[in-house]
Protein chains: 2
Amino acid sequence: MRYVLKIAYDGTDYAGWQCQKNAVTVQEKLEEAIFSALGQNIRVTASGRTDAGVHAAGQVCHFDAENITVPPEKMPDCLNRFLPPDVRVTDGWGADETFDANRSAKRKTYCYSLYVSLREMPLKERYAARVETAPDLEKLQAAAKLFEGEHDFKAFCASGSSVKTTVRTVYEVKVEEAQTYGGRDLKIYVTGNGFLYNMVRTLTGELLELASGRRTEESLLQAYATGKRELLGKTMPAKGLTLLQVEYQTKN
Amino acid sequence: MRYVLKIAYDGTDYAGWQCQKNAVTVQEKLEEAIFSALGQNIRVTASGRTDAGVHAAGQVCHFDAENITVPPEKMPDCLNRFLPPDVRVTDGWGADETFDANRSAKRKTYCYSLYVSLREMPLKERYAARVETAPDLEKLQAAAKLFEGEHDFKAFCASGSSVKTTVRTVYEVKVEEAQTYGGRDLKIYVTGNGFLYNMVRTLTGELLELASGRRTEESLLQAYATGKRELLGKTMPAKGLTLLQVEYQTKN
């Protein structure tokens, strides 16, 4: 029986999704909860890793379990009893064995959150990165278009990655602005067929560079063509990034 | 020389604003920072207390200090070096001795944040209270009007309070809704000339009761008339409450 779970987490206190030695990860907490609830040592497969400090509102994973009487829709309540408050299973359903949380994923959407302020704001610091200034919404939205389409995102990727191809399709980069009592908040929604390590964080840094005029479309095109990381803006901090949604053909 | 400071804090890990024995408070952290930065033991006076777990984006306080060369506008940078990351001085200015952060306050605005979800959402839990269902925005906005004006808010006040009068004027109760990937978020902005202990948290609980039809305008009027706490809905949790702004005649 293949179970699929949707998971939300505050990544602040975790060394990312994937299990690793000498660090606390979300996957480890989830597998511990499965062991506590079901009495089985089970490895789960997620749609993809999230890095240390990155959050998720809609991570998806699957696992197989035999001889279990818990129906998939009861899995959230069953597992949440054994999870820390900053990790929650928010949905559960069954799937056949052709479904793979990683390989069957068609689209992913990340949100990068920024706030504009000369000083740190404690109520915004946890889930957003601070910038002292930011361009107009119209300029950000115009620059956002330059990332859409199929491109070789090698330059956006942290070195040391060993993926087969660095070509990805970005379907949409949408920028929204909200005025709050503390100032301007910006949210950058990026939807694509897959993302390289650090790609959304580097894309956001480059978006700010392009919209402010500190870098140009020409240098971005050169980055696509050459894969040279130094042609792009800085990688933004992990805490501003949230994996919002993973979409599959059957059920998201 | 009278200094005025604007302060923002994440109240999660504090036993409220006001100094007390055997508990860590925001006032204590601020006074420790003043001692570290200026070498003087100085007591500050805030616009009012905030309870344990309540947040602030715009708390205001004042203090007097002699023989100090730091100009008021440099006070944020001067003190922030000695404050924990969840407390920040965001503005500083000078005032004459007639200004009192508490007594000169004309209007205060609080925001109560709710999110609607059948399950806990880790990324929303820190700064908002969860409700499983909530009425339509129009119903909430209609019920919000019932709190506006001058009323005796005795019934809204936690017992044991020793204020002279429990009559307060609420200038505005504004309800805003946002759709997010995780569902509906509600923000209730309450502006008044002053607030009793627990008043905004009880008002929010009662607002949900009124808008849902579980309680009526008649029972609210009876609560105003009799001061009986049991006529009102429950007191909402501290974590959803933020002191947004304190307004003074001269400068807010």
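**Exercise 1. The interface between chain A and chain B**

Chain A and chain B bury about 2,200 Å² between them, with 63% of that area on carbon and sulfur atoms. The model is a predicted one. Describe which residues and elements make up the side of chain A that touches chain B.

*Solution.*

Step 1. Start with the main contributors to the area. A:R119, A:L123 and A:Y181 supply 35% of what chain A buries against chain B, more than any other three residues.

Step 2. Count the residues in contact. Chain A gives 28 residues and chain B gives 28 residues.

Step 3. List the polar links. There are 4 salt bridges between chain A and chain B, and 6 residue pairs are in polar contact, both residues being at pLDDT 80 or more. One salt bridge to inspect is formed by the side chains of A:R88 and B:E120, at 3.3 Å from N to O.

Step 4. Assign the residues to elements. In chain A, two or more residues each come from β1 (2-9), β3 (55-64), α2 (75-80), β4 (87-95), α3 (122-125) and β10 (241-248). β4(A) gives the most, with 4 residues.

Step 5. Sort by residue class. The side of chain A that touches chain B holds 15 nonpolar, 5 polar and 8 charged residues.

**Exercise 2. Aromatic pairs**

Classify the ring pair A:F156 and A:Y224 as stacked or edge-to-face, and locate both residues in the chain.

*Solution.*

Step 1. Recall the description needed. A pair of aromatic rings is described by the distance of the centres and the angle of the planes.

Step 2. Place the pair in context. Over all chains the count is 17 aromatic pairs.

Step 3. Apply the cut-off. The ring centres of A:F156 and A:Y224 are 6.0 Å apart and the planes stand at 25 degrees; planes under 30 degrees apart count as stacked, so the pair is stacked.

Step 4. Locate the residues. A:F156 is in the loop between β7 (149-152) and β8 (167-180) of chain A, while A:Y224 is in helix α6 (residues 217-226) of chain A. The two are 68 residues apart, and the pair links distant parts of the chain.

Step 5. Check burial. A:F156 and A:Y224 are both buried.

Step 6. Set a chain B pair beside this one. B:F153 and B:F156 are edge-to-face, with 5.1 Å from centre to centre and 70 degrees between the planes. Both B:F153 and B:F156 are buried.

Step 7. Extend the pair in chain A. A:F156 and A:Y224 belong to one aromatic cluster with A:F147 and A:F153.

**Exercise 3. The surroundings of A:H62**

Find where A:H62 lies and which residues it is in contact with, leaving aside neighbours within four places in sequence.

*Solution.*

Step 1. A:H62 is in strand β3 of chain A.

Step 2. Its relative accessibility is 6%, so A:H62 counts as buried.

Step 3. With the sequence neighbours left aside, A:H62 is in contact with A:R2, A:Y3, A:V4, A:V44, A:T45, A:F99, A:D100 and A:A101.

Step 4. Look for a polar atom at short range. A polar atom of the A:H62 side chain lies 3.0 Å from the backbone nitrogen of A:A101.

**Exercise 4. Salt bridges within chain A**

The count over all chains is 32 salt bridges. Work out which parts of chain A are tied together by the pair A:R201 and A:D51, then treat A:R214 and A:E209.

*Solution.*

Step 1. The closest N and O atoms of A:R201 and A:D51 are 3.6 Å apart.

Step 2. A:R201 lies in helix α5 (residues 199-212) and A:D51 in the loop between β2 (45-46) and β3 of chain A, so the salt bridge ties together parts 150 residues apart in sequence.

Step 3. Both partners are buried: A:R201 has a relative accessible area of 13%, and A:D51 has 17%.

Step 4. The side chains of A:R214 and A:E209 meet at 2.9 Å, N to O. Here A:R214 is exposed at 55% relative accessibility, whereas A:E209 is buried at 15%.

Step 5. Shared partners join A:E209, A:R214 and A:R215 into one network of salt bridges.

**Exercise 5. Positive phi**

What is the phi of A:N67, and is the residue buried or exposed? Treat B:N67 likewise.

*Solution.*

Step 1. Phi of A:N67 is near 55 degrees, a positive value in a residue other than glycine. For B:N67, phi is also near 55 degrees.

Step 2. A:N67 is in the loop between β3 and α2 of chain A, and B:N67 is in the loop between β3 (55-64) and α2 (75-80) of chain B.

Step 3. A:N67 counts as exposed at 80% relative accessibility; B:N67 is exposed at 81%.

Key:
Residues numbered from 1 in each chain as written. Chains lettered and ligands numbered in written order. Heavy atoms only, no water. Contact = heavy atoms within 4.5 Å. Buried area = accessible area lost by both parts, 1.4 Å probe. Polar contact = N/O pair within 3.5 Å; in protein donor to acceptor, adjacent residues only side chain to side chain. Nonpolar A, V, L, I, M, F, W, Y, C, P; charged D, E, K, R; others polar. Phe/Tyr/Trp six-rings, centres within 6.5 Å; stacked < 30°, edge-to-face > 60°. Buried < 20%, exposed > 50% of the residue type's maximum accessible area, 1.4 Å probe, protein only.
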